[in-house]
Amino acid sequence: MDLIKTLGSLVDDALLVIGHDLVITNANPASIRLLGDKVIGTNLNDVIIYSGLAEELAACLDSQKPVEFTATPTNNHYRHIRARMMIWGEDTLIVLLLDMTLQHNLEKMRRDFVANVSHELRSPLTSLIGFVETMQNSPDMELGDRQRFLNIMDEEAKRMSRLINDLMSLSKVEVDEHIVPESKVFVKSLLMATINVLSNRALKTGHDIRFHDHREQKVTEPVIRGGNDEIMEVFQNLLDNALKYSFPASIIRVEMHDYANGRLAINIINRGEGITEKHIPRLTERFYRVDKGRSRQMGGTGLGLAIVKHIINKHRGELKITSALNKETVFSVILPYATD
């Protein structure tokens, strides 16, 4: 048993020693973390859920070879475990429990992502194919109808282009998320440039973007470590959302504050219909929309806030969202000041 104890301390996965009666006689620290601190002395059936456990035990004893099966802990039904059982000595078996929850969840996320991308691309593509076939089969179509169809096809093609561009941006930032940026970003200058880019569009919809610097040292330029293009993308996405979802001809406020622990906060505030509390935790999920029809109508891909979240994570920052129905919605970007 000393060898088992040594092996158990070396592995990160749960390692159990059981008898032929399935009673657990020894367990390593990883087993206790996974199954609870009262695992020793209990029956294996009481700590994992697997209806064919007796059959697997019999198969292991009969074949003298390791067997493998999947199970779930009784104390956490959301975990996914792959179990391997093998004989050790005359009356002892070793059970190795591999926690596959992360891999299972990542695979589910991958499947969901592929399904969502397929769905998002299928809609405009189906529309394009339908209009192309209609025009091909209608050589005598009136010029006005033809132009109307071409305009719709142009919008659908641009929608697909936006989606592909956002997918590429999201993929890039996710790959590089672990790399801490080293360049300097002069935040106020970048923020003012972003506001200037969107100011003409704001005027067309009657909106007014107003900037306020509430920092104690207003004369100094706030500097962070980061990438200019990525931080500008964050500001553009959040200001774009503010313009889309604010009341007509309303004021959008951009405020800069000193924040706790040597950080800078940029708040983008708009007045609109607002977001109910149940939606807020999911806003940064890929393709999550509060109102799918309205979002698509406004040209949204459902990826903007996911891109924002990953860029902020890459810059070791934080995104906070608060909202009240028919009142203010605040997106707060909190980033650490550059220390040198």
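This report describes two sheets, several helices, one pocket and two single residues of a predicted model.

Residues are numbered from 1 along each chain as its sequence is written, and side-chain values use heavy atoms, with hydrogens and water left out. In this predicted model, local features need pLDDT of at least 70 and side-chain atom pairs count only at pLDDT 80 or more, whereas totals for chains, interfaces and linings use all residues.

## The sheet of six strands

Helices (H or I, at least four residues) and strands (E, at least two) are DSSP runs, numbered from the N terminus, and two strands pair if DSSP finds at least two bridges between them. With these terms, one open sheet has 6 strands in the order β2-β1-β6-β5-β4-β3, and its pairing is antiparallel. The edges are held by β2 (24-27) and β3 (48-49), each of which has a single partner strand, so one side of each is left without a neighbour in the sheet.

Helix α4 (residues 53-63) packs on this sheet and touches β3, β4 (67-73), β5 and β6, with a direction that makes about 35° with that of β5. Contact here means heavy atoms within 4.5 Å, while axes are lines fitted to C-alpha atoms, for helices over the stretch in contact, and angles run from 0 to 180 degrees between N-to-C directions.

Strand β6 takes part in two of the pairings described here, one with β5 and one with β1. Strand β5 (residues 81-87) pairs with β6 (residues 92-99) over 7 bridges in the antiparallel sense; I87 has L93 of β6 as its bridge partner, and R82 stands opposite L98 in β6. The hairpin of β5 and β6 has 4 residues between the strands, and G89 takes a positive phi near 80° in it. On the other pairing, β1 (residues 14-19) is joined to β6 by 6 bridges and runs antiparallel to it, with V95 in β6 as the bridge partner of L16. Of the 8 residues of β6, 6 are buried, so this strand is largely enclosed by the rest of the structure; buried means under 20% relative accessible area, exposed over 50%, and partly exposed in between (1.4 Å probe, protein chains only).

## The sheet of five strands

A further open sheet has 5 strands in the order β8-β10-β11-β13-β12, and its pairing is mixed. Its edge strands are β8 (208-213) and β12, each of which pairs on one side only, and neighbouring strands are turned by 15° against each other on average, direction ignored. Helix α8 (residues 228-245) lies across β8, β10, β11 (263-271) and β13, and runs at about 20° to β11.

Two pairings of this sheet are set out below.

| Strands | Sense | Bridges | One bridge pair |
|---|---|---|---|
| β8 and β10 (residues 251-259) | parallel | 6 bridges | R210 and R253 |
| β12 (residues 318-323) and β13 (residues 328-336) | antiparallel | 6 bridges | S323 and T329 |

The strands β12 and β13 form a hairpin with 4 residues between them, and N326 in the turn has a positive phi of about 60°.

## Helix α6

Helix α6 (residues 143-175) has 33 residues, which at 1.5 Å a residue should span 48 Å, and its end C-alpha atoms are 48 Å apart, which agrees. The expected span is 1.5 Å times one less than the number of residues. Buried residues in α6 include F149, M153, E156, M160, L163 and L167. An α-helix has 3.6 residues a turn, so residues three or four places apart point the same way.

## The second largest pocket

The second largest pocket has a volume of about 430 Å³. Of the 20 residues that line this pocket, D112, N116, E285, R286 and F287 are the closest to its centre. Two or more lining residues come from each of α5 (101-136), α9 (292-297) and α10 (304-314), and the largest share, 7 residues, comes from α5. On a 1 Å grid over the protein atoms alone, a pocket is an open set of points where a 1.4 Å probe fits, with protein on both sides within 12 Å along at least five of seven lines, and lining residues have an atom within 4 Å of a point. Grid points are joined across faces, edges and corners, and a volume is the space filled by probe spheres set on the points.

## Two single residues

L305 lies in helix α10 and counts as buried at 12% relative accessibility. Leaving aside neighbours within four places in sequence, L305 is in contact with L238, N241, L283, T284 and F331. I32, in helix α2 (residues 29-35), is partly exposed with a relative accessible area of 34%, and I32 touches D37 and V39, not counting residues up to four places away in sequence.
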